[in-house]
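Here are a few notes to go with your first look at this one. Have the view open and follow along point by point.

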Amino acid sequence: MPPSDTVIASQNALDHIVEPARQRKRWDKYAPAWLDEAIVSRGVLHKFWTQKRIRQENFENICKAVGIDWKQVVEIDPIQLASSSSNNSWVGRKELIDELGTKLRGDCRVLILTGITGIGKSALAARLTTEFQETWTKVSLEFDSKTIIDFASVAADLLWRWNESITSDDRRDPLLLLNRLLRKLQEECYILILNSVENLLQGDAEKGWSEFQDKWWENFFNRLLEDSCQSKIIITSQDLPRYFDEICFNNPELCHYRSLNGFTKEEQLEFFDILGLDVDDESGSKSALEKIGELFEGHPLGLRVIAGEIIDDPIFNGDAAKYWQKYGEKMLKIKEGYNIEAMRISYC
């Protein structure tokens, strides 16, 4: 589990916020002046550019050196904004958090959260674990689309992380690893987050996803749900693995599935307010923000990018009404021709 005071840059922010800021300063990616002003090493700056975790203090200094707000760059949970390392503000999903928290405190052993990119699946999973931090040990795994991930490798790495002895022969024996991992989860209290599970499935974003590429994952979940177990697993995925269709339907107490939508209208305004925009009833910006929120269907990542543009651009200086006047018609035309995911990608 990464330290709580480390953060990572989002790819979108690196491309559209950091890179232009760097070019305005006429610095290269590892300019000595940047290293000096941020008081970091070249290695730390390299981690920043390659989306590796670094200390939040270093992250803030790197952004400050090129004149940008670190909160617009950090890959934060879309429903969580860290105003400082010791003060977190949450917005939205309060009823959902209470509902799913109750399920996890009960018999629910596997919770599956699905939704499009940036909708807040990983954020919600992380938020839910804070309800159990005194009881369970949190472990989070992120599955990369560029890497072939088999069950045995993941199980071996988890056991190694938990100080279990793993030999090269063990790594070639998925049944042995399955039994050892299950025993660990049954005997101790872990809350295991498996993020981006669509990368373990057959398929892609265009055609959709279906079955696990490695059937040992199905064997693992079969055993996990059949036997008694103290641990909990939260899965985030852009699509529901077909394997869970029948299981969630027939065993809703043990295996629960929830598809996430964007923020409600009230949550959108709360989100904008936390970001620093004026949402007062008498403000001309409130109506514009409501239109933007509706246009993006409450998509947290899209709203955060737009809010950053409204706040940071000297032309608008936080005036959402002026922003809507200039770009509203263009945004509406984009929405007419594309779905919300395509719009978010093309505009943001």
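1. A word on terms before we start: a residue is called buried when its relative accessible area is under 20%, exposed when that figure is over 50%, and partly exposed in between. Also keep in mind that this is a predicted model.

2. Try W162 to begin with. Its relative accessible area is 9%, so W162 is buried. Y190 comes out at 7%, so that one is buried too.

3. How many aromatic pairs are there? The count comes to 23. In one of them, the ring centres of W162 and Y190 sit 4.0 Å apart with their planes at 25°, which makes the pair stacked because planes under 30 degrees apart count that way. The two partners come from distant parts of the chain, 28 residues apart: W162 is in the loop between α7 (151-161) and α8 (168-171), while Y190 belongs to strand β7 (residues 190-195).

4. Now look at F212 and F244, an edge-to-face pair with 6.4 Å from centre to centre and 75° between the planes. This pair also links distant parts of the chain, with F212 in strand β9 (residues 208-212) and F244 in helix α11 (residues 243-250), 32 residues apart. F212 is buried at 1% relative accessible area, and F244 is buried at 0%.

5. Both rings belong to a cluster linked by ring pairs, made up of F143, F151, F212, W217, F220, F221, Y243 and F244.

6. Finally, the surface: D273, D278, D280 and E282 gather there in a patch of negative charge. D273 lies in helix α12 (residues 265-275), and its 43% relative accessibility makes D273 partly exposed.

How values were computed
Residues numbered from 1 in each chain as written. Predicted model: local features only at pLDDT ≥ 70, side-chain atom pairs only at ≥ 80, totals over all residues. Heavy atoms only, no water. Patch = residues over 30% accessible without salt bridge, like charges linked within 9 Å, V, L, I, M, F, W, Y side chains within 5 Å. Areas by Shrake-Rupley, 256 points an atom, 1.4 Å probe, with all protein chains shown as cover. Salt bridge = Lys/Arg side-chain N within 4 Å of Asp/Glu carboxyl O. Lys, Arg positive; Asp, Glu negative; His and termini not counted. Charge placed at Lys NZ, Arg CZ, Asp CG, Glu CD. Helix = DSSP H or I, 4+ residues; strand = E, 2+ residues; numbered from the N terminus. Buried < 20%, exposed > 50% of the residue type's maximum accessible area, 1.4 Å probe, protein only. Phe/Tyr/Trp six-rings, centres within 6.5 Å; stacked < 30°, edge-to-face > 60°.
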